[in-house]
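User: I would like to learn how to read a protein model step by step. Could you take me through this one with questions and answers?

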Amino acid sequence: MCGIVGYIGHRDAYPIIIKGLERLEYRGYDSAGVVLFDGEDSHIAKTKGKVEDLKQKSELTIPLRGKLGLGHTRWATHGIPNDINSHPHYSNSGDLVIIHNGIIENYASIKKELIKRGYSFESDTDTEVLINLIEEVKKKEGVKLGKAVQIALNQVVGAYAIAVFDKNKPDEIVVARLGSPLAIGIGENEYFIASDASPFIEYTNNAIYLEDEEMAIVRIGKEIKMRKIKDDAIAYPNILELQMNLEEIEKGGYDHFMLKEIYEQPRAILDTYRGRLRSDQGIIKMDGIDQNLEKIMNANRIIIVACGTSWHAGLVAEYIFEDLARIPVEVEYASEFRYRNPVITDKDVLIAISQSGETADTLAAIKLAKERGAFVFGVCNVVGSSIARETHAGAYTHAGPEIGVASTKAFTTQITVLTLIALKLAKEKGMLSKSKFHEYLTELEGVPAKVEKSLESNELVEQIAEVYKDAENCLYLGRGYNFPVALEGALKLKEISYIHAEGYPAAEMKHGPIALIDEQMPVVVIATRKGHYEKVVSNIQEIKSRSGKIIAVVTEGDKTVKELADHVVEVPEISESLTPLLTTIPLQLLSYHIAVMRGCNVDQPRNLAKSVTVE
Ligand code: AGP
């Protein structure tokens, strides 16, 4: 879960590396480093802290010259975040330099062996072990860097995206991947290396995404040479033309990426169904579903695997799939599913949901389900990501880059895609009349405008945030479709404001959580008019009689809850199954404002990273 970036070509590498690291900081931000080769020698600057700290340190300590450079932003796995454990790492001779995203699981035994052979280690990292293993292989076998990397990688167990160069041969960088993403941007007589395409998008739209177990040698003035790490077979580069643009990955006038992404939701949802939802023809067109319709429609059950916010979107989907398409659904944490020997047959369909498409547990769950014969469908945002490539078929969410660590537009666009799939299956299975299906399509087309309307609550929500910003705990309650929204609201608050928060199905309150309620406890209740409304109103009464503070999300025009709650935020009227797309908006805004008021780092909360590529 680190970010790596590299450059070799005719431009100054330093600004490209620094800008690239800033864009990749979402992947990890506890330390950062850069190495530059200035034509004669290489110079490293590295530091605990953010890329901003690295900028200050490198400007003071190293010459910022050079047309070859590597940079790294870290999320610590082996060794605490400090200057020494930051990347890049030199080999013992000082000739080889490496940056690494991933984990070398058998590093301890390799390290022991290398120590016996006279190697010493400065850091506690697995990465320093890897670069010395490469150096040992290079010396012992008398091979070039590329070959040494390949032999060494065949001895390690774990995951990696690496970039390595030898300062005695500064016209090439060797890169390799297994389990962690790595893209190569191809410019005019220059190459870019990065964990995703954002660091090089203003220079080139042409990129290669390495597949697992592939490596490449990028050499100035030469075509890229690619190989399979295991058997040395030639691999053929698949050059893609990227659609991403620079504006999409910059803040565009907002204080934080999270706020920008919250406000992007009307557009993102529209992009998700654009071209798929054709209400004029009364159809939903999704290639990944159309081509596998029989298999998915006749599935014994659908198993949804995901983590975090994506798992919450899966829970919403469970309601909608069962409700509309009448297909049994199980929703599993990918991290549990992969290790619990699940019963899977070839009649099962597994849907994997992931914004990044790189989450290690979700990827492992997919591999397990495939081995056991299930058909696997991916719902991802990042185009060309590992999960998108590992699944049999899939649908992109088209949310655009999500940089804020707290997922917002990923959640609503995942629900949109899953709703489209559920509606399509329901129609194909004859569970929905033509007119009801058409009603849903028209309603879905109205969602972006209703999300826009829900965003108008921003000022009110900010005032509510002011009242509760110092709370120590918070409870979120919802029923039916809005139970997962309660979970998601609680996750948002805890991850960015560090306030302890719990989400519960409202009716579960009386089985325990009600004991927590006193006049200090804010309780966020989703009480929209459709779906168990009266029952939720009773739950609100129960909170009120125990002096809890009630923040209610209600349907426009609601009068009953208004009389009971301390604060009321309205969202437009909509079918029950679509309410999560609206009710989640004030909850995102509430956590955002509270985090800002508490002085928290909204886009990069402590201990977290955007894409969790370690288990
Ligand atoms: C949510 O705000 C978090 N960023 C986190 O829970 C996230 O949803 C989870 O790590 C899964 O990520 P993915 O969607 O990229 O697989």
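Analyst: The questions below go through the sheets, the helices, the cores and some backbone details. The model is predicted, so local features need pLDDT of at least 70 and side-chain atom pairs count only at pLDDT 80 or more, while totals for chains, interfaces and linings use all residues. Residues are numbered from 1 along each chain as its sequence is written, and side-chain values use heavy atoms, with hydrogens and water left out.

User: In what order do the strands of the open sheet of 8 strands lie?

Analyst: Helices (H or I, at least four residues) and strands (E, at least two) are DSSP runs numbered from the N terminus, and two strands pair if DSSP finds at least two bridges between them. In this sheet the pairing is antiparallel; strand 1 (residues 3-8), for instance, is joined to strand 4 by 6 bridges, and Ile4 stands opposite His72 in strand 4. Strand 3 (42-48) and strand 14 (239-241) each have a single partner strand, so one side of each is left without a neighbour in the sheet. Read from one edge to the other, the order is 3-2-4-1-10-9-11-14.

User: Which strands does helix 1 touch as it packs on the sheet?

Analyst: Contact here means heavy atoms within 4.5 Å, while axes are lines fitted to C-alpha atoms (for helices over the stretch in contact) and angles run from 0 to 180 degrees between N-to-C directions. Helix 1 (residues 13-24) has a direction that makes about 160° with that of strand 1. The strands that helix 1 touches are strand 1, strand 2 (31-37), strand 4 and strand 10 (190-194).

User: Which are the edge strands of the open sheet of 5 strands?

Analyst: This sheet has the order 18-17-19-20-21, with parallel pairing, and strand 17 (residues 301-306) pairs with strand 18 over 5 bridges. Within that pair, Ala306 stands opposite Tyr333 in strand 18. An edge strand pairs on one side only, and here that is true of strand 18 (329-333) and strand 21 (393-396).

User: At about what angle does helix 12 run to strand 19?

Analyst: Two helices can be followed across the strands of this region. Helix 10 (residues 308-325) lies across strand 17, strand 18 and strand 19 (348-354), and runs at about 175° to strand 18. Helix 12 (residues 360-371) lies across strand 17, strand 19 and strand 20 (375-380), and its angle to strand 19 is about 165°.

User: Is helix 10 roughly parallel or roughly antiparallel to helix 18?

Analyst: The axes of helix 10 and helix 18 (residues 483-497) are 8 Å apart, and the helices pack at an angle of about 170°. Angles under 35 degrees count as roughly parallel, over 145 as roughly antiparallel, 65 to 115 as roughly perpendicular and the rest as oblique. The residues that meet include Trp311 and Leu315 in helix 10 and Phe483 and Leu487 in helix 18. The angle therefore makes helix 10, with respect to helix 18, roughly antiparallel.

User: Which helix gives the most to the largest nonpolar core?

Analyst: A nonpolar core is a set of buried Ala, Val, Leu, Ile, Met, Phe, Trp, Tyr and Cys residues joined through side-chain atoms within 4.5 Å, where buried means under 20% relative accessible area, exposed over 50% and partly exposed in between (1.4 Å probe, protein chains only). The largest such core has 90 residues, and among those with the most contacts inside it are Phe321, Ile351 and Phe377. Ile351 touches, among others, Ile302, Val305, Phe321 and Leu418. The helix that gives the most to this core, with 10 residues, is helix 14.

User: At roughly what angle do the axes of helix 14 and helix 21 cross?

Analyst: Helix 21 (residues 579-597) and helix 14 have axes that come within 10 Å. Their contact is made by Phe411, Thr412, Ile415 and Thr416 of helix 14 and by Pro580, Leu581 and Thr584 of helix 21. The axes cross at roughly 175°.

User: Where is Pro88 placed?

Analyst: Most residues other than glycine have a negative phi, and most peptide bonds are trans. The bond from His87 to Pro88, however, is cis, with omega near 0°. Pro88 lies in the loop between strand 4 (68-74) and strand 5 (89-90).

User: What is the relative accessible area of Arg326?

Analyst: Arg326 has a positive phi, near 55°, though it is not a glycine. Arg326 sits in the loop between helix 10 and strand 18. Arg326 is exposed, with a relative accessible area of 54%.

Terms used. Lists of a residue's contacts leave out its neighbours within four places in sequence.
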